[in-house]
Amino acid sequence: MKKTIGTIWTAAIITVLVTATGTPAAFAQDDAQDAVEEIVVTGSFIKRQSFDDVGSPVDVLDREDILANAPTGKMSEVLQYLPQNLGVLDGVVLDGSTDLEGTFGGASLDLRGLGGGATLVLMNGRRQTRFPLADDGRTEITNLMPGIALERVEVLNDGASAIYGTDAVAGVVNFLSRKNFEGVELSIDGRGTTNSFNHSNFTLGALFGAALGSDNDIHVTAAVEYYSQEPLQRGEPDFTYPEGDIRGSSSGFPGTWRVPTRDALGNLTGATADLADPDCQAVADQNITFNDSDLGGTDTFLGGGRCRLSFRTIPYFQDEERLMGMASVNWDINERVSFEGSFNYARSRSEDAAQGSAPIVAPLFVSGDNPGNPYRAVNADGNPLFAQDTNGDGIPDRDATTNTVILAANPLDPASGIAFNEDVTARFFRPLSTTNFGAAADNFNTINTIRVDAALLGEINDNWSWSTGWTFSEQSLTLSQADSIPTALQDAVDGLGGDAGESYFNPFGNSLLGGVANTDDVISGFRLALRDRAETSLWSVDAVITGDLVEMPAGPLGVAFGVQYRDEELIQDFDQFKTARLSNFFGEGEEDYSVSGQSTGVFVEFAIPVFNSDAGRLDLSLAGRYEEIDDLDSFDPKLSLLFRNELIAVRASAASSFLSPSLFQRFGTRVFRSEVFDPVLGEDAQIKIRTTGGAGLEPQESDSWNVGITVTPTDALSLGVDVWAFDFDGLLATPSPQGVIDADPNGPDVFRSSVDNRITLVNTAFFNSGRVEAGGIDFDVAYDTPWSLFGGDLGVKVQASLWTTYDIQETPGGAVIDGIGEDNRSNIGVALPELRGNAQLAWSNGPHSANAIVRHRSDVDRTVGANTDTADAETTLDLQYTREFGDSRWLTTFGVLNAFDNEPNILTTGFSPYILRSVQNPRGRMIYASIKWTLE
């Protein structure tokens, strides 16, 4: 289809040239129109008089919309309810560790379900660097700017690589800051749940703006914002853990141990039995949570014969703090030239209070001589056994060859030897969890974001203008992971731990119940707080010239020419214990690296008035861009048509777009933890996933089209429908870990332990896979009703997206998966409700205003192995009341989210927390209040 669009684009240019010379003058409209200030709309560099003057669907969320949805203006809250967006929402920590924005308290966008990297994020019209650990090249949005400084968000809902180049496959989201504010604005916002758990957040913001200079030709704006969030642990909501539920990790503290079995004479049989720690239930019954009683209770429970970890103390939402600042200057140098510049900084810190370590991977041998060992040696009938002790030191003699205990001459006779315990090995065990982790270690993640941009804008004459700009953005992060040092742990259980190297680590439950307790110096000897650092940076320069090329019978032919150069860098600095393969769970010998890539793009855009008559106006827009990224290149055209009159607007667009492999996808390496189901052993497992860059990757290509109509029978009513489709081919992806296992549980990319056949590692690498075909219908209704309520005006807004197609083909020629209504956990898609939408009733009467918003999404199935369960459809109600005081200087807002406290239903498949967190919200009802004071 890419060639087809190119042919159409060429034919359209020829048509325009003919039209330019042959259109009858009768089509020209004689009546003069009032001059309207022209603006730049996202998706075009040609100035327009309205957001309705483009042939592509554009949603605009202004300050009123922002405050109705999120008084704080937090980026994730502004867009989490946008029906087209299927991205990471509101900082929630998702299943596994692939969506790391959630782990860092961040969020990202994913228009149309084509992947986060397929949505281009702009700030004031210019790119932002990628999230450093993003598999798909997505951009983290929570740290873009203070919410108080956000003016509006423009969302372009179709392909736009012809204008912006790579990444603009599913669309473009442009965040624009407040630049013309003069005065002081202060705001404070607080939110909290109405349920029994203590989850809340707090935002404090300040905005300052002033006009300076003798002619007020310099305008400065500055904003600062502080955000703090109390965590929400998984064990806090009552619905998360139904009574009798035994799901959770197989590995906990206390753990499950492999114990040798003996015959009636006491001889080893060579067989073993997996036995839960005998004190597991006692630890759970006493609700032991070492060092911090606010973690939501013990994470230990006994289920299915194993001593497990329940994840109760692991958060849905992290303990989080964020400080953001922004300063901008606009300077009218003279009548023709102006300068714009801004600086942004954000520092975000999130912390997981549950500081347990990862499960043991390397075999851990615990001698019967360990003082805490509870596994008394018995024969097949359960009678205690006794061992030989020839030197009388109280330690059983051992065979020099096998290192096994030598039984007494009469092993059932206490008088013939000494009592002894069995040598055991860890089967399902983690050395530290919230029950016993001792002195707290730092377990926090940080994001630092810096952005600087500067631009010169000028007018050549009344019809032509130019701009040139420079942007630098950088995002660096520190990722913490709790682990252990296998050699040091083995030494500790052998009695060589502690500062003096003479202390035992007791890995059993009796260490918490009056047995041999573990000291901090023993734990610190093998405990690891791994620190990885990652950084991305992007700097770009661009220049654009735009104006009216020629006067045509129906109006001026607008044109824009542009060029852009970008340089991107990715740095990953792994913890030394990972690179040296000295850590237990994380790390497979990763090597630090620093890679970079450069791109150059040139584009041209035309806005062509085809005719303008009493019947209406028809405009054609054409654009094309050639972009070269290292050794890859792409040319992408786009055309759109817009017919408008006072009653209807009909729009149509077709575009090709591309998404180049990110630096991470080409060169990156990351090892993370994931939760899978092992069909061979029939059990859940936490394993390591190693993702590496792929060789010979090609750009991902997309063809898209959109046809829409908006009818405005009156000034008060607007009805809009858009039908859209994307064919996204050569999609870059890594196989899902579960998919790799399901395809071949013993394949070359699935590594198993030689001791117990457990999966320990799954290898995945990026590849150009099959395709995703997505399509649907968007609905938009706005109605200022003639009705009155309590003397106030009523308005209605409805916005919804219905998916009609979401076909996933992971490999060329492979099976096509219908992903609508599925969580797509085992393929390259995203969790996709068939329908998402919002209906808002707005009321206003002088200083009073109120909003009621009904939000709905349809159900989503989740399949793990042979079992399927459903995240039920949800309909929630948000309410908000706002009152102005003091000649609008004071604005107070009160609201409730999820007013009826709808709880997500529990899914019986998969892992804790047993809800599908990408579409279900565990918070329940939240109330909020905000106060804003403005002096202008």
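In what order do the four strands of the open sheet with strands 29, 30, 34 and 35 stand? The order is 29-30-35-34, and the pairing is mixed. A word on terms before going on: strands (E, at least two residues) and helices (H or I, at least four) are DSSP runs numbered from the N terminus, and two strands pair if DSSP finds at least two bridges between them.

This is a predicted model, in which local features need pLDDT of at least 70 and side-chain atom pairs count only at pLDDT 80 or more, while totals for chains, interfaces and linings use all residues. Residues are numbered from 1 along each chain as its sequence is written, and side-chain values use heavy atoms, with hydrogens and water left out.

**The chain as a whole**

The protein chain holds 11 helices and 46 strands. Its C-alpha trace spans about 120 × 60 × 50 Å along the principal axes. For 936 residues, a compact globule would have a radius of gyration near 30 Å, and the 32 Å of the protein chain agrees with that. That radius is taken over C-alpha atoms, and the globule rule is 2.2 Å times the number of residues to the power 0.38.

Buried residues account for 57% of the 936. Here buried means under 20% relative accessible area, exposed means over 50%, and partly exposed lies in between (1.4 Å probe, protein chains only). As for contacts (heavy atoms within 4.5 Å), take those between residues at least 6 apart in sequence: 71% of them join residues at least 24 apart.

How confident is the predictor? On the pLDDT scale, which gives confidence in each residue from 0 to 100, the chain has a mean of 88, and 91% of its residues reach 70 or more. Confidence is lowest in helix 1 (residues 2-22), with a mean of 41, and highest in strand 32 (residues 717-729), with 97. Over residues 1-36 the pLDDT is below 50, and beyond near neighbours in sequence this stretch has 42 contacts in the model.

**Two open sheets**

Back to the sheet we opened with, in the order 29-30-35-34. Strand 29 (669-678) and strand 34 (750-752) stand at its edges, each with a single partner strand, so one side of each has no neighbour in the sheet. Neighbouring strands of this sheet are turned by 25° against each other on average, direction ignored; the axes behind such angles are lines fitted to C-alpha atoms, for helices over the stretch in contact, and angles run from 0 to 180 degrees between N-to-C directions.

The other open sheet has five strands in the order 1-4-5-2-3, again with mixed pairing. At its edges are strand 1 (58-61) and strand 3 (126-127), each with a single partner strand, so one side of each is left free of a sheet neighbour.

**Antiparallel pairs**

Here are four antiparallel pairings, each with its bridge count.

| Strands | Bridges |
|---|---|
| 34 and 35 (residues 759-765) | three |
| 4 (residues 150-156) and 5 (residues 171-177) | six |
| 31 (residues 700-714) and 32 | 12 |
| 32 and 37 (residues 771-789) | 13 |

Some residue partners help to pin these down. Val750 has Val762 in strand 35 as its bridge partner, and Leu150 has Ser177 in strand 5. For Asp703, the partner in strand 32 is Asp727, and a hairpin of two residues joins strand 31 to strand 32. On the strand 37 side, Asp729 stands opposite Arg771.

**The disulfide**

Which cysteines form a disulfide? They are Cys280 and Cys307, with sulfur atoms 2.2 Å apart. By the rule used here (a pair of cysteine sulfur atoms within 2.5 Å), the count comes to one. The link is right-handed, with 90° about the S-S bond. It connects distant parts of the chain, with Cys280 in helix 6 (residues 280-285) and Cys307 in strand 13 (residues 306-309), 27 residues apart. Cys280 is buried at 0% relative accessible area, and Cys307 is buried at 0% too.

**One residue up close**

Ala607 sits in strand 25 (residues 593-613). Is Ala607 buried or exposed? Ala607 is buried, with a relative accessible area of 14%. Leaving aside neighbours within four places in sequence, Ala607 is in contact with Ile46, Arg48, Pro556, Leu557, Gly558, Leu620 and Ser621. Thr425 is 182 residues from Ala607 along the chain, and their C-alpha atoms are separated by 73 Å.

Terms used: pLDDT is the predictor's confidence in each residue, from 0 to 100.
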